[in-house]
2 protein chains.
Amino acid sequence: MNEKNDVNTKDALLAAAIGVIADKGFDAATVRDICGRAGANVAAVNYHFGGKDALYVAVLREVFPKGEYNGSASSSAPPRERLHAFLSNLASEIYERGNGLVAQRWAIFLREMAKPSPNLDFIVRRQVQPRADELRDIIVSILGPDTPEQVLAFASSNIWALALDHLLTQSILDRLSPQRPTVHGNMEDFVNHLVTFSLGGLHAVKGSS
Amino acid sequence: MNEKNDVNTKDALLAAAIGVIADKGFDAATVRDICGRAGANVAAVNYHFGGKDALYVAVLREVFPKGEYNGSASSSAPPRERLHAFLSNLASEIYERGNGLVAQRWAIFLREMAKPSPNLDFIVRRQVQPRADELRDIIVSILGPDTPEQVLAFASSNIWALALDHLLTQSILDRLSPQRPTVHGNMEDFVNHLVTFSLGGLHAVKGSS
DNA sequence: CAGATATTCAAACAAGCGTTTAAAAAGAGC
DNA sequence: GCTCTTTTTAAACGCTTGTTTGAATATCTG
């Protein structure tokens, strides 16, 4: 059967694939590169996973585990605190340094967002849906239950955009103002700014509807 | 020399390349596809441009012409009006329907943002810089000249993120809430919402600094 | 018209891709 | 220790990519 070296090779392939795909994206990642990093033969991917596409699916199941996200704060907490917990949690994940699994998760998510594959549905279900549900709940608790659907949709998009911001525009900002203050060194400032800006925007929208 | 058929073929190649690259991105675009659409031979790209990379440079020079952007509103107008003009102009460009040059411009910009090439510097200089300068000026006129640099940088990023939002997250939103109200049909609502939300956020940030 | 130049074309090239093959190596069960 | 199954391996396959080639065609020049 399969016990010792099998598991090692298969796991090594999976780990290598996560790294390469997070770095270069699925299209640019080559089977030879992945097998090279895993110390395995070129044919290993096909033997253990059945092909490059199937390996990608296995990678996504590993990187986006089911039912991992459980919310940022108690739903009974005051709205401002809930929003702060939500944004703080999101920001610390997105802007985390290093090559940990969380960073790779958002890197893969970003690439799928820019160039969707059939697997984006899966990623959205695992990664975005629970957070989006929570955010919507927080917004309703701020704007009130009678908020028009369109305002709710716009506001949700707005706060998502604010949180994802640097993830998406980092390449631009590097070229636009290379000496700008980094987010990493001012994470607390950044999150507080986000909360203040978001709440200001939400209240303004609430008053005008 | 080159007068009739040369110009025709060269222009046809350029037009075809713009379309294909805006659709699929530079990497996924093949010279055979481009030449096919242009009704030219496979060797035409190398003959007229010297290679695929050089063709891409020519495409970018065509799509991002120099000195095209002249600002959205008079700098003497009231801040709210300037911000409205700025966001309205940006939104109408980004969310414009059809395959016009403006739509292709933002499509190429999005792909470069997600996967930067050495040419992103050029695009930023032509496409982003003038708008970013104007936006910064508008924000200063709202927050005041003594605003800390960090707040200014954060606020600029925030409003850029709000404007680019749907361009970046459209693929997500399609999967998250397929029946959401479209932006295209409510452009005026959307822009007004953006202005209100942004001003609310800015004033909140101003008060807390 | 002739001759030089510019352009098009079918074909081939080298390199890289994911995948397949068949034999060698390693391990499991008795 | 021997047999059967699982895993690894080097080599090759078929395909697509961007690019090159050299001959054929078109265009311009004097």
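**Two chains, two domains and a helix face**

Q: Which residues of α4(B) are buried?
A: In this predicted model, helix α4 of chain B covers residues 52-63. Its buried residues are B:L55, B:Y56, B:V59, B:L60 and B:V63.

Q: Within what arc do the buried residues of α4(B) fall, seen down the axis?
A: Let's look along the helix. The buried residues of α4(B) include B:L55 and B:V59. They line one face of the helix, because seen down its axis they fall within an arc of 140°.

Q: How far does helix α4 of chain B reach from its first C-alpha to its last?
A: The helix has 12 residues. At 1.5 Å a residue, the expected span is 16 Å. The reach in the model is close to that, at 16 Å.

Q: How are the two copies, chain A and chain B, related?
A: Chain B superposes on chain A with an RMSD of 0.0 Å. The operation is a rotation of 180° with 0.0 Å of shift along its axis. The copies are thus related as by a two-fold rotation axis.

Q: What percentage of the contact residues of chain B recur in chain A?
A: Between the chains, 50 residues of chain B are in contact with 51 residues of chain A. The same surface serves both copies, and the share of chain B's contact residues that recur in chain A is 100%.

Q: Which three residues supply 17% of the area that chain B buries against chain A?
A: Chain B and chain A bury about 4,200 Å² between them, and carbon and sulfur atoms give 71% of this area. Of the part that chain B buries, no other three residues supply more than B:F154, B:R175 and B:F197.

Q: Is A:T169 buried or exposed, and which residues beyond its sequence neighbours is it in contact with?
A: A:T169 sits in helix α8 (residues 149-176) of chain A. Buried means under 20% relative accessible area, and A:T169 has 8%, so A:T169 is buried. Leaving aside neighbours within four places in sequence, its contacts are B:M113 and B:L164.

Q: Which three residues supply 43% of the area that domain 1 of chain A buries against domain 2 of chain A?
A: Chain A is divided into domain 1 (5-63) and domain 2 (79-208), with 30 Å between their centres. Contacts link 15 residues of domain 1 of chain A to 13 residues of domain 2 of chain A. The two domains bury about 1,100 Å² between them, 60% of it on carbon and sulfur atoms. On the domain 1 side, the three residues that supply more than any other three are A:A22, A:L60 and A:V63.

Notes
Residues are numbered from 1 along each chain as its sequence is written. Chains are lettered from A and ligands numbered from 1 in the order in which they are written. This is a predicted model: local features need pLDDT of at least 70, side-chain atom pairs count only at pLDDT 80 or more; totals for chains, interfaces and linings use all residues. Side-chain values use heavy atoms; hydrogens and water are left out. Helices (H or I, at least four residues) and strands (E, at least two) are DSSP runs, numbered from the N terminus. The expected span of a helix is 1.5 Å times one less than its number of residues. Buried means under 20% relative accessible area, exposed over 50%, partly exposed in between (1.4 Å probe, protein chains only). The arc is that of the directions from the helix axis to the C-beta atoms. Contact means heavy atoms within 4.5 Å. Copies are superposed by least squares on the C-alpha atoms of residues with pLDDT of at least 70 in both. Domain bounds come from an automatic or database domain assignment. Buried area is the accessible area (1.4 Å probe) that two parts lose on being put together, summed over both.
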